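Reader: Could you walk me through the contacts in this structure, and tell me what earns each one its label?
Author: Gladly! Here it is.

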Amino acid sequence: MITIPYLTALSTYFSYGLLFAFGQFRDFFRKIFDWWNSTTDLQGYAPICLGLEDFYTRRLYLRIQDCFGRPISSAPDAWFDVVERYSNDNNKTLIRTTKKSRCLNLGSYNYLGFAASDEYCTPRAIETLKRFSPSTCSSRVDGGTTSLHNELEEYVARFVGKPAAVVFGMGYVTNSAILPVLIGKGGLIISDSLNHNSIVNGARGSGATIRVFQHNTPSHLDSVLREQIAEGQPRTHRPWKKIIVVIEGIYSMEGELCKLPEIVAVCKKYKAYVYLDEAHSIGAVGKTGRGVCELLGVDTADVDIMMGTFTKSFGSCGGYIAGSKELINYLKNNCPAHLYATSISPPAAQQIISSIKVILGEDGSNRGAQKLARIRENSNFFRSELQKMGFDVLGDNDSPIMPIMLYNPAKIPAFSRECLKQNVAVVTVAFPATPLLLARARICISASHTKEDLMKALEVFSEVGDLVGIKYFPAEPNKQHLEKCTTKED
């Protein structure tokens, strides 16, 4: 539960209220002028976009859209090139320039640093590109399965500790297309209240009944399960055909680790299946990078369906589902993402295989272990220093995601633009991706960041935090710690 300071909440509500009031005022006169000057006859067609439906986009988002979707023109490494843009019409249209700014990258999911050129992965991906071409131009069941796809599925299953796995070309689809295959009408999905949108869409598309439990609260999950099992299906009160509890390993907007041991215990108690989304945890946490099961000491046999993506720690694209051989065979014969979608690109598959080999040490070096140690050290150091400075930082230790709470809508563009002026690129997140009051800057730490990189970011954040006014807690008495911290590499 996030506790918002009273005055901060009050000022945030006031700011949104002011924006809403002025927006409605302008819309009122806009309708009058449009009616007076209208020369368009829709001939019976309804307006394709109504005023209220795009109110937020027009009156709030467009004013600060320069803070989002900034184009880059290099690999998303620790530092990357950000393309400069400008607007001549109050941010309605952004025009790209040929100028670039070299910025410290604190927004990409490049947790282990594989997104940039790698001495082991890159040559093998290039060779695969020459051998197989950029795409199979077919679905897996037609002509889209290569020897690489079979090898990749074997590596993924072994890496996550499951008997079998199936891979897909897109991480989002892995959730949204799999859940409707696993469960349907007469089934029950119990979802964490802060689950990713791909899970939400997959659950809605399944036709199953959906219930939500309080974020990361096993006791509430227990009460929801007990109540739903006692009541049964709506109207008929028949027993549920199937119950699946869906959670995430690390929640992407909060940086929190799921309480997996407690949730698994509750699911065992009520004979419910566990669906674990490890998009942000696989490869990033755990002694050998095997995710939250390894980090929290949970046997993978107790997690029925393990899902993850290759877009974060592995520097590639796509996703996977790992489970029993019976489950994977069923999915391969029934999942539309496997039957109809184009298979994952061969160079992308090779990139994943190569990165897993590096993590496991099968490349003949200990670089994988060093990367895992570095991201853990970087994440815990950066989070600790932010908290010392007085920032309101979410998330748990070892998590490479650390949201800095901004709250007030005016502070979203202010923080983003001021950081960019000092060549630090950050990602800001606001409604509807987060609740209205809980706007934040989401910082993603990478193993490719050096201590000098992190120190620069901390110095910029400290200066901008004072300027914008987002240090909501008192700083530690000795606030010269930044100057005293060594910048020598470990």
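Author: Let's start with burial: a residue is buried at under 20% relative accessible area, exposed at over 50%, and partly exposed in between, using a 1.4 Å probe and protein chains only. This is a predicted model, in which local features need pLDDT of at least 70 and side-chain atom pairs count only at pLDDT 80 or more, while totals for chains, interfaces and linings use all residues. Residues are numbered from 1 along each chain as its sequence is written, and side-chain values use heavy atoms, with hydrogens and water left out.

Reader: Why is Y472 called buried?
Author: Its relative accessible area is 18%. The limit is under 20%, so Y472 counts as buried.

Reader: What makes Y407 and Y472 an edge-to-face pair?
Author: Rings of Phe, Tyr and Trp (its six-membered ring) pair if their centres lie within 6.5 Å; planes under 30 degrees apart are stacked, over 60 edge-to-face, and the rest tilted. Y407 and Y472 are 5.1 Å apart centre to centre with 70° between the planes, so they are a pair and an edge-to-face one. Y407 lies in strand β10, Y472 in the loop between α15 and α16, 65 residues apart. Helices (H or I, at least four residues) and strands (E, at least two) are DSSP runs, numbered from the N terminus. Y407 is also buried, at 0%.

Reader: Why is the pair of F310 and Y320 called tilted instead?
Author: The whole structure holds 12 aromatic pairs, and in this one the centres are 5.6 Å apart with 35° between the planes. That angle falls between the stacked and edge-to-face limits, so the pair is tilted. Both F310 and Y320 are buried, and together with F159 and F314 they form one aromatic cluster.

Reader: How do you know that D222 and K269 form a salt bridge?
Author: A salt bridge needs a side-chain nitrogen of Lys or Arg within 4 Å of a carboxyl oxygen of Asp or Glu. For D222 and K269 the N to O distance is 3.2 Å, so the pair qualifies. The bridge links helix α7, which holds D222, to helix α8, which holds K269, across 47 residues. D222 is buried at 13%, whereas K269 is exposed at 53%.

Reader: What makes K388 partly exposed, and its partner E385 buried?
Author: K388 has a relative accessible area of 23%, which lies between the two limits, so K388 is partly exposed. E385, at 4%, is buried. Their side chains meet in a salt bridge at 3.3 Å, N to O, and the two sit 3 residues apart in helix α13, about one helical turn.

Reader: Which residues are linked in a network of salt bridges?
Author: D27, D54, R58 and R59. Within it, R58 and D54 meet at 3.0 Å, N to O, and both are buried. The structure holds 17 salt bridges.

Reader: Why is R124 said to lie over the face of Y120?
Author: A charge sits over a ring if NZ of Lys or CZ of Arg is within 6 Å of the ring centre and within 35 degrees of the ring normal. R124 is at 3.7 Å from the ring centre of Y120 and lies over its face. K451 lies over the face of F381 as well, at 4.9 Å.
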